[in-house]
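Open the model in your viewer and keep the selection panel at hand. The tour goes stop by stop.

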Amino acid sequence: MASCGRSQVISLYRMLMKESRKFPSYNYRTYALRRIQDGFRANLHVDNPKTLDMLLSQARESLALIKRQVSVGQMYSTQKTIIEGNDQRGF
Amino acid sequence: MMSRALVTRKLLGTMCGTSGPRLNYTQTAVSAALVHTEIIKSRELEKDELRPLYMDFQATTPMDPRVLDAMLPYQVNYYGNPHSRTHAYGWESESAMEKARKQVADLISADPREIVFTSGATESNNMSIKGVARFYKAKKKHIITTQTEHKCVLDSCRVLEAEGFDVTYLPVKNNGLIDLEQLEEAIRPDTSLVSVMTVNNEIGVRQPVKEIGHLCRSKNVFFHTDAAQAIGKIPVNVSDWKVDLMSISGHKIYGPKGVGALYVRRRPRVRLEPLQNGGGQERGLRSGTVPTPLAVGLGAACEIAQQEMEYDHKRVTILANRLVQKIMSEIPDVVMNGDPEQRYPGCINLSFAYVEGESLLMALKDVALSSGSACTSASLEPSYVLRAIGADEDLAHSSIRFGIGRFTTEEEVDYTAEKCIQQVKRLREMSPLWEMVQEGIDLKSIKWTQH
């Protein structure tokens, strides 16, 4: 159970990060990446199966939401902000 | 040196034409430092031009993608009128609206039945001030507010004055907070309402709302607070604070524009005369169809704000300290307006002495900033809020408000601080006043000749 949960968590985390990188808006993108990292870190030591299940289903919902909102964002994308112009790290 | 200053001032005097307040303003010492004073021109960005970064979260906030996601179904498929009781279209909209009402109520620890949807905090403020005053006018004719309230509160009070009500505009102390003893003295037997905002939109100070609430309850006076800048950012509890009416805005908490809410206490009951009459929606207090998608968006924004409050607050505090620390360590004579402790950290109002705010804003064209509230940002008049806290005329002219929010990044803060430092230094080097100060001349001792 624990190991199965762990691989699920890691794969969800990777998918969330991968999807969030697609946000065209600088601020939404950096926020999503930061929030996902901090959220997973805050729940690093959760081992109660019920809580874990709840968190996993929340993460799955978030993934679907991010996918939808990335599409919306891509439909109406706009100029880059000045920060992105200067920042080459590419976030 | 002096002659250069005078020439500039004369020039400005002719440029600004005949408008009274502006002419006065050009006569003040600080404007002598300015060569290029003109109101910032609006223009559209070119296709490939980079967008300025956003640092004006008090004016409005970008909508959270989670909010838009909650709203979209109601903009697309579920278009029923939430007040239709005879078919499924109505029922689904109604249940979405009621869920949103509960989300708003939960954020401020109220009962959902005490929430009325409005078009925004301006309407909520108008409704509560005019509504309560007019309902109780037979016996009570006095209202108390403060000098640093939002324009819509002050203007509602002006309207009431024209209708024969008595209004006391309480002054604030130099830190922007009201004096509770002064408030207690101002309360009369015929006072119906006290209205004090929770967090100020220009300088970010937090009024002692809980103490005011308890004082008003003990004197049997209704208490209204404009919490547009407070909810979702600091914990708000209407029963602890003994608030009777509270205004809420959607677009200040990453929700949609054009929607807000008013909390109206049921026990003890607060009665108000509605501004808008008609179909009797919202307990008859605000007739008109509730815009389901907007209400759903407000509800979602409130729920997210509640979940994220601690996380956001921690982050905003870190970023705000970073900004202030960077700027203050690099340039002297920077004053932070408002109480240093009793405040919401995401609203930072700084005065840069010997630099004119509008020219600094123009120089910082890569950053979307403002010198005060958006409603008054078109005028060159110094903000009445800064005047009320007793800021010197020249300091009031040199202030800029930095708004930090959920989506602000470290890089944006660093960029803003860096640009700000660079431009303030540049503008000061151009300023004859700054030169005089460096030579040790006390500017207050100079007698400027009048023309």
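How many of the 5 residues of strand 6 of chain B are buried? Select residues 222-226 of chain B to find out. The count is 5 of 5, in what is a predicted model.

**Stop 1: strand 6 and its partner**

Stay on strand 6 of chain B and look at its two sides. B:F222, B:H224 and B:D226 line up on one face. B:F223 and B:T225 take the other. Both faces are covered, and each of these residues is buried.

Now add residues 191-195 of chain B, which form strand 5. Strands 5 and 6 of chain B run parallel and are joined by 3 bridges. To see one pairing, pick B:L193, whose bridge partner in strand 6 is B:F222. That is the B:F222 just seen among the buried residues of strand 6.

**Stop 2: strand 8, between two pairings**

Move to residues 260-264 of chain B, strand 8. This strand is mostly covered too, with 5 of its 5 residues buried. Colour B:G260, B:L262 and B:V264 for one side. Colour B:A261 and B:Y263 for the other. Both sides are covered.

Next, bring in strand 2 of chain B, residues 115-118. It pairs with strand 8 in the antiparallel sense, over 4 bridges. Then add strand 7 of chain B, residues 245-249. Strand 7 is also antiparallel to strand 8, and 5 bridges join them.

Which residue of strand 8 is the bridge partner of B:I115? Select B:Y263. Then select B:M246, which stands opposite B:Y263 as well. So much for the strands.

**Stop 3: a buried aspartate**

Go to B:D64. This residue sits in the loop between strand 1 (53-54) and helix 3 of chain B. Is B:D64 buried or exposed? B:D64 has a relative accessible area of 1%, and because the cut-off for buried is under 20%, B:D64 counts as buried.

Show its surroundings next. Setting aside neighbours within four places in sequence, B:D64 contacts B:Y254, B:I304, B:R406 and B:F407.

**Stop 4: the interface with chain A**

Turn on chain A. Here 26 residues of chain B are in contact with 23 residues of chain A. The area buried between the two chains is about 2300 Å². Carbon and sulfur atoms give 56% of that area.

How many salt bridges does the rule find across the interface of chain B and chain A? There are 2. Zoom in on B:E308 and A:R35, which form a salt bridge with the closest N and O atoms 2.6 Å apart. Widen the search to polar contacts, and the count between the chains is 16 residue pairs, both residues at pLDDT 80 or more.

Now highlight three helices of chain B: helix 3 (65-76), helix 10 (292-330) and helix 14 (410-430). Each supplies at least two residues of the side of chain B that touches chain A. Helix 3 gives the largest share, 5 residues. Colour that side by class: 12 residues are nonpolar, 2 are polar and 12 are charged.

**Last stop: the whole of chain B**

Zoom out. Chain B comes to 15 helices and 12 strands. Of its 451 residues, 55% are buried. Finally, consider its contacts with a separation of 6 or more: residues 24 or more positions apart account for 74% of them.

Notes
Residues are numbered from 1 along each chain as its sequence is written. Chains are lettered from A and ligands numbered from 1 in the order in which they are written. This is a predicted model: local features need pLDDT of at least 70, side-chain atom pairs count only at pLDDT 80 or more; totals for chains, interfaces and linings use all residues. Side-chain values use heavy atoms; hydrogens and water are left out. Contact means heavy atoms within 4.5 Å. Buried area is the accessible area (1.4 Å probe) that two parts lose on being put together, summed over both. A salt bridge is a side-chain nitrogen of Lys or Arg within 4 Å of a carboxyl oxygen of Asp or Glu. A polar contact is a pair of N or O atoms within 3.5 Å; within protein, one must be able to donate a hydrogen and the other to accept it, and residues adjacent in sequence count only if both atoms are side-chain atoms. Ala, Val, Leu, Ile, Met, Phe, Trp, Tyr, Cys and Pro count as nonpolar, Asp, Glu, Lys and Arg as charged, and the others, Gly among them, as polar. Buried means under 20% relative accessible area, exposed over 50%, partly exposed in between (1.4 Å probe, protein chains only). Two strands pair if DSSP finds at least two bridges between them.
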